[in-house]
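Student: Would you please take one part of this chain and examine it closely? I should like to know first how far the model may be trusted, and then how the chosen part sits within the whole.

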Amino acid sequence: MRLAVDPQSAEPPYEQVRRQVTDHVAAGSLRPGDRLPTVRGLAGELGLAVNTVARAYRELESAGVIETRGRAGSFVTGDDVERSARQAATEYAARARALGLSREDAIALVTRVWSR
């Protein structure tokens, strides 16, 4: 897995890391059970603060893309359908927030589209 952070980007570094890991999982270059680098190791590799990478990992875990198993490390989760759906939901939520939609409006929009 190759990640790169663009310091000139308007996208925060933690979000760049989160997005790139999610993209690798969606593309299949990271598969269920694959171990991710340690937070400290990835931070050093990318020249980021440990807390920046930790935030990206927390958000990935919240989205169900990875799971942390204590001292054993962080791993890509298993269910392809659920993982793909979570990725789509995560991307939609981020885009809806960027567009200024409230949570309620974003959910209402999905409900209207689903009903078609």
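Tutor: pLDDT is the predictor's own confidence in each residue, on a scale from 0 to 100. The model is a predicted one, in which local features need pLDDT of at least 70 and side-chain atom pairs count only at pLDDT 80 or more, whereas totals for chains, interfaces and linings use all residues. Residues are numbered from 1 along each chain as its sequence is written, and side-chain values use heavy atoms, with hydrogens and water left out.

The chain has a mean pLDDT of 91, and 96% of its residues reach 70 or more. Among its elements, helix 2 (residues 39-46) has the highest mean, 96, and helix 4 (residues 80-98) the lowest, 82. Where pLDDT is low, predicted coordinates should not be read in detail.

The chain holds five helices and two strands, assigned as DSSP runs (H or I over at least four residues for helices, E over at least two for strands) and numbered from the N terminus. Their order from the N terminus is α-α-α-β-β-α-α. Along the principal axes, the C-alpha atoms fill a box of roughly 45 × 35 × 25 Å.

The part chosen here is helix 1, residues 13-27. The expected span of a helix is 1.5 Å times one less than its number of residues; the 15 residues of helix 1 should therefore span 21 Å, and the end C-alpha atoms, 21 Å apart, agree with that value. After helix 1 comes Gly28, with a positive phi near 90°.

Of the 116 residues in the chain, 30% are buried, meaning under 20% relative accessible area, while exposed is over 50% and partly exposed lies in between (1.4 Å probe, protein chains only). In helix 1 the buried residues are Tyr14, Glu15, Gln16, Val17, Arg18, Gln20, Val21, Thr22, His24 and Val25. This list includes charged side chains such as Glu15 and Arg18 as well as Val17, Val21 and Val25.

Thr22 offers a closer view of helix 1, to which it belongs. Thr22 counts as buried because its relative accessible area is 3%. Apart from neighbours within four places in sequence, Thr22 is in contact (heavy atoms within 4.5 Å) with Leu60, Val65, Gln87 and Glu91. Gln87 and Glu91 fall within the residue range of helix 4, the element with the lowest mean pLDDT. For the chain as a whole, residues 24 or more positions apart account for 48% of the contacts with a separation of 6 or more.
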